[in-house]
Amino acid sequence: MSKLIQRQKIRYRIRKKIAGTSLKPRLSVFRSNAEIYAQLIDDDNGVTLAAASSLDKDIQAQKGTKIEKAKLVGNAIAQKAQALGLQGCVFDRGGNLYHGRVKSVADGAREGGLQF
């Protein structure tokens, strides 16, 4: 079984257990080889409330490693959540292991004030 298919099965298993609401959205993290993306998703209405990525101009202008940029993405998504009046969220690691860049996004979001 390929790595991609295994990860897809893990994603489905995670998504069976967690879902985002308008009050407590799902913080979904997608990690590509070069970039990292985070979204706050309301699964009840099927709407993305806020999004941030390492391609944002203010984050891309920063120097640093991919892990440091991932922390900035987490901080940016937390600030956007605060602007929407959201306090908490449910973390969705997207089938990736909780370490490295995925963990860094979570740490940045916690430092920004999100609770999960």
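**Exercise 1. Aspartate 107 and its surroundings**

Does aspartate 107 count as buried, partly exposed or exposed, and what is its relative accessibility? Describe also where aspartate 107 lies and what it touches in this predicted model.

*Solution.*

Step 1. The relative accessibility of aspartate 107 is 23%. Buried means under 20% and exposed means over 50%. Aspartate 107 therefore counts as partly exposed.

Step 2. The residue belongs to helix 4, which spans residues 101-112.

Step 3. When neighbours within four places in sequence are left aside, aspartate 107 is in contact with Lys71 and Tyr98. Leucine 72 is 35 residues away from aspartate 107 along the chain, and the C-alpha atoms of the two are separated by 9.6 Å.

Step 4. Aspartate 107 also forms a salt bridge with lysine 103, with 3.6 Å between the closest N and O atoms. Both residues lie in helix 4, four residues apart, or about one turn of the helix. Lysine 103 counts as partly exposed, at 36% relative accessibility.

**Exercise 2. The order of the sheet**

Determine in what order the four strands are arranged and which strands stand at the edges.

*Solution.*

Step 1. The four strands form an open sheet in the order 3-2-1-4, and their pairing is mixed.

Step 2. The edges are taken by strand 3 (47-53) and strand 4 (90-92). Each has a single partner strand, so one side of each is left without a neighbour in the sheet.

Step 3. From one strand to the next, the twist averages 20°.

Step 4. Helix 4 lies across strand 1 (26-31), strand 2 and strand 4. Its direction is at about 145° to strand 1.

**Exercise 3. Strand 2 and its partners**

Describe how strand 2 pairs with strand 1 and with strand 3, and identify residues that stand opposite each other.

*Solution.*

Step 1. As a starting point, strands of a sheet pair through backbone hydrogen bonds, either parallel or antiparallel.

Step 2. Strand 2 (residues 36-42) pairs with strand 3 in the antiparallel sense, over six bridges. Three positions illustrate the register: alanine 38 stands opposite alanine 52, glutamine 39 has alanine 51 as its bridge partner, and aspartate 42 has valine 47.

Step 3. Strand 2 and strand 3 form a hairpin with four residues between them. In the turn, glycine 46 has a positive phi of about 70°.

Step 4. Strand 1 and strand 2 likewise pair in the antiparallel sense over six bridges. Here arginine 31 stands opposite isoleucine 36 of strand 2, and a hairpin joins the two strands through four residues.

Step 5. Strand 2 is mostly covered, with five of its seven residues buried.

**Exercise 4. Salt bridges across the chain**

State how many salt bridges the structure holds, and examine the pairs formed by aspartate 43 with arginine 15 and by aspartate 92 with arginine 26.

*Solution.*

Step 1. The structure holds six salt bridges.

Step 2. In one of them, the side chains of aspartate 43 and arginine 15 meet at 3.6 Å, N to O. Aspartate 43 lies in the loop between strand 2 and strand 3, and arginine 15 lies in helix 1 (residues 3-17), so the pair ties together parts that are 28 residues apart in sequence.

Step 3. Aspartate 43 counts as partly exposed at 24% relative accessibility. Arginine 15 is also partly exposed, with a relative accessible area of 31%.

Step 4. Another salt bridge is formed by aspartate 92 with arginine 26, where the closest N and O atoms are 2.8 Å apart. This pair links distant parts of the chain, since aspartate 92 is in strand 4 and arginine 26 is in strand 1, 66 residues apart. Both aspartate 92 and arginine 26 are buried.

**Exercise 5. A nonpolar patch**

Identify which residues make a nonpolar surface patch and give its area.

*Solution.*

Step 1. The patch is made by Val47, Leu49 and Leu84, and its area is about 230 Å².

Step 2. Leucine 84 is found in helix 3, which covers residues 66-84. Valine 47 was met in Exercise 3 as the bridge partner of aspartate 42, and it lies in strand 3.

Methods:
Residues numbered from 1 in each chain as written. Predicted model: local features only at pLDDT ≥ 70, side-chain atom pairs only at ≥ 80, totals over all residues. Heavy atoms only, no water. Buried < 20%, exposed > 50% of the residue type's maximum accessible area, 1.4 Å probe, protein only. Contact = heavy atoms within 4.5 Å. Pairing = 2+ DSSP bridges. Axes fitted to C-alpha atoms, helices over the stretch in contact; angles between N-to-C directions. Patch = residues over 30% accessible without salt bridge, like charges linked within 9 Å, V, L, I, M, F, W, Y side chains within 5 Å. Areas by Shrake-Rupley, 256 points an atom, 1.4 Å probe, with all protein chains shown as cover. Salt bridge = Lys/Arg side-chain N within 4 Å of Asp/Glu carboxyl O.
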